[in-house]
Amino acid sequence: MVDDVDAAIAFYTTHFGFTLRSNAAPAFADIVRGDLRLLLSGPKSSAGRPMPDGRRPGPGGWNRIHFIVDDIEAEVARLRRAGVQFRNDIISGPGGKQIVLDDPSGNPIELFQPA
């Protein structure tokens, strides 16, 4: 779910190398990067309709897509120069390094560099 389909298209194609497959903005767009297909559903899409209990689907939360990168420091520097907002700083763990950033609607994206 995204707040603005056109803004999401620009974000993912500019910063992460996705290409536009189909565009039905403001409701929906379909973008691809290799074998990954990402569906961008705006508030006017069928996916944005309220649930039977009244809850409305929306962007954000903590479920995230996960991009593996070769050089996390370089990727973070590149994205910060472009004005991308991060939720945290790079952290290291036994499996590698990670950082979480937000797309324009507040959906989290994790960059991960394996150990």
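**Two sheets, one helix and a shared core**

In strand 7, V100 finds its bridge partner in E110, within a pairing of strand 6 (96-102) and strand 7 (108-114) that runs antiparallel over 7 bridges. This is a predicted model, in which local features need pLDDT of at least 70 and side-chain atom pairs count only at pLDDT 80 or more, while totals for chains, interfaces and linings use all residues. Residues are numbered from 1 along each chain as its sequence is written, and side-chain values use heavy atoms, with hydrogens and water left out. Helices (H or I, at least four residues) and strands (E, at least two) are DSSP runs numbered from the N terminus, and two strands count as paired if DSSP finds at least two bridges between them.

**Confidence**

- The protein chain averages a pLDDT (the predictor's confidence in each residue, from 0 to 100) of 93, and 100% of the residues score at least 70.
- Among the elements of the protein chain, the lowest mean pLDDT, 92, belongs to strand 5 (residues 91-93), and the highest, 98, to helix 2.

**The sheet of strands 4, 7, 6 and 5**

- These 4 strands form an open sheet in the order 4-7-6-5, and the pairing is mixed.
- Strand 4 (65-68) and strand 5 stand at the edges with a single partner strand each, so one side of each has no neighbour in the sheet.
- From one strand to the next, the twist averages 30°.
- Helix 1 packs on this sheet, where it touches strand 4, strand 6 and strand 7 (contact means heavy atoms within 4.5 Å), and its direction makes about 15° with that of strand 7; axes are lines fitted to C-alpha atoms, for helices over the stretch in contact, and angles run from 0 to 180 degrees between N-to-C directions.

**The sheet of strands 1, 2 and 3**

- A further open sheet consists of 3 strands in the order 1-2-3, with antiparallel pairing.
- Strand 1 and strand 3 are the edge strands, each having a single partner strand, so that one side of each is left without a neighbour in the sheet.
- Direction ignored, neighbouring strands of this sheet are turned by 15° against each other on average.
- Helix 1 packs on this sheet as well, touching strand 1, strand 2 and strand 3, and its direction makes about 155° with that of strand 3.
- Strand 1 (residues 19-24) is joined to strand 2 by 5 bridges in an antiparallel arrangement, and the two strands form a hairpin with 3 residues between them; S22 stands opposite D30, and A24 stands opposite F28.
- Strand 2 and strand 3 pair over 6 bridges in the antiparallel sense, with R33 opposite L36, and in their hairpin, which has 2 residues between the strands, G34 takes a positive phi near 60°.

**The nonpolar core**

- The largest nonpolar core (buried Ala, Val, Leu, Ile, Met, Phe, Trp, Tyr and Cys residues joined through side-chain atoms within 4.5 Å, where buried means under 20% relative accessible area with a 1.4 Å probe, protein chains only) has 23 residues, and those with the most contacts inside it are Y12, F16, L40, F86, L101 and L111.
- Two or more residues of this core come from each of helix 1 (5-16), strand 2 (28-33), strand 3 (36-41), helix 2 (72-81), strand 6 and strand 7, and helix 1 gives the largest share, 6 residues.
- Leaving aside residues up to four places away in sequence, L40 touches V2, V5, A8, I9, Y12, A27, F28, A29 and I31.

Notes
Buried < 20%, exposed > 50% of the residue type's maximum accessible area, 1.4 Å probe, protein only.
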